[in-house]
Amino acid sequence: MYIVSHVFKPVSMQELQQVEQKHSIRLPLAYQRWMQQYGEGTYSGWMNVQRPDSEVLKPFVEYDLWEHTDETPINQQQLQECVCIGTSVDGDFLAVHAQVEGLIWLPRHDEQITLWPCGDQSFAEMLDQIYCGYYQKEEPFRPAYYEPWNEKRKYTFYHYTGKENGLSMKELAGLCQSQFSWDLVIEDEYTCKLFRASIGGYVRFNYAYGREIALFFEEAEVQQETEDQKKKVQETLDIRKIRQFLLAHYCAEVKQRTE
């Protein structure tokens, strides 16, 4: 699995144990190991792995969003007792309950709640199983990658007008691939992502929209010339070079934010 950034914010064992004691639940061991090693983040672009949250599902008790039968892992009132540990980018919830063994999947666009076993798998393997089973995929998303969340994460969006000048976005992505050295390339008909460890992020070309390009990165603050700071200087230079490349190829900066 490719790790986008090595700036982790791990969750302590003590914090996880406190959640277990407070809600009388057992968090999957694989999930606990994951959180202690990597912390919160996004897995393979589709699943947000998060701290245990006992509040997020409580409001849904008042609404008939999901079907509840004798075969359903939980009833409607038990929703308020669930502890959410992740959400998909489509708005699906992944949760656990004290009286249920396994992972509870509450989909946004489906009335059927499903239960997924934990077993002896790694947490990534559990997520891959859900991805293939629920989304009806023959294979899990590959190559797998994890994007840890931290306060240094920044992103800049660009509006692309190269098509009017005879350069398609796909052609620009190809130029960008050849111009720089990349650690991982993920490309399909909808998007292209170019990952580089030195910037702690990647460039995303949105083929589906055709106008949007985004640069995700971690920008270091340089104060003195130690060995570590020299490395950070190089990281900043790499980000600057990528920016200059985009600006020189019909990309107009729209906004920059810190997460």
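## Briefing: salt bridges, sheet order and strand pairing

Glu 15, Glu 40 and Arg 51 are linked in a network of salt bridges. The model is predicted. Ten salt bridges are found in the structure. Eight strands build an open sheet with mixed pairing. Elsewhere in the briefing, strand 11 (residues 191-196) is covered with its two hairpins, to strand 10 and to strand 12.

**Salt bridges**

- The structure holds ten salt bridges. One of them joins the side chains of Glu 151 and Lys 9, at 3.4 Å from N to O.
- This pair links distant parts of the chain, 142 residues apart. Glu 151 lies in the loop between strand 8 and strand 9 (153-160). Lys 9 lies in the loop between strand 1 and helix 1 (13-23).
- Glu 151 has a relative accessible area of 48%, so it is partly exposed. Lys 9 is partly exposed too, because its relative accessible area is 45%. The cut-off for exposed is over 50%, and for buried under 20%.
- Lys 58 and Glu 55 form another salt bridge, and their closest N and O atoms are 3.2 Å apart.
- Lys 58 counts as partly exposed at 35% relative accessibility. Glu 55, with a relative accessible area of 47%, is also partly exposed.
- Arg 204 pairs with Glu 212 in a salt bridge, with 2.9 Å between the closest N and O atoms.

**The eight-stranded sheet**

- The strand order is 1-8-2-3-4-5-6-7. The sheet is open, and its pairing is mixed.
- Strand 1 (2-3) and strand 7 (114-116) stand at the edges. Each has a single partner strand, so one side of each is left without a neighbour in the sheet.
- Strand 4 (residues 83-88) and strand 5 (residues 93-97) run antiparallel and are paired over four bridges. Within this pairing, Val 83 has Val 96 of strand 5 as its bridge partner.

**Glu 147 in strand 8**

- Glu 147 sits in strand 8 (residues 145-148).
- Its relative accessibility is 10%, so Glu 147 counts as buried. The cut-off for buried is under 20%.
- The side chains of Glu 147 and Arg 153 are joined by a polar contact of 3.1 Å.
- Beyond its neighbours within four places in sequence, Glu 147 is in contact with Val 4, Gly 41, Thr 42, Arg 153 and Tyr 202. Arg 153 is thus both a contact and the polar partner.

**Strand 11 and its two hairpins**

- Five of the six residues of strand 11 (residues 191-196) are buried, so the strand is largely enclosed by the rest of the structure.
- Strand 10 (residues 184-187) runs antiparallel to strand 11, and four bridges join the two. Leu 184 has Phe 195 in strand 11 as its bridge partner.
- The connection from strand 10 to strand 11 is a hairpin through three residues.
- Strand 11 also pairs with strand 12 (residues 201-206), in the antiparallel sense over six bridges. Here Cys 192 stands opposite Phe 205 of strand 12.
- Strand 11 and strand 12 form a hairpin as well, with four residues between them. In that turn, Gly 200 has a positive phi of about 60°.

How values were computed
Residues are numbered from 1 along each chain as its sequence is written. This is a predicted model: local features need pLDDT of at least 70, side-chain atom pairs count only at pLDDT 80 or more; totals for chains, interfaces and linings use all residues. Side-chain values use heavy atoms; hydrogens and water are left out. Buried means under 20% relative accessible area, exposed over 50%, partly exposed in between (1.4 Å probe, protein chains only). Two strands pair if DSSP finds at least two bridges between them. A polar contact is a pair of N or O atoms within 3.5 Å; within protein, one must be able to donate a hydrogen and the other to accept it, and residues adjacent in sequence count only if both atoms are side-chain atoms. Contact means heavy atoms within 4.5 Å. A salt bridge is a side-chain nitrogen of Lys or Arg within 4 Å of a carboxyl oxygen of Asp or Glu.
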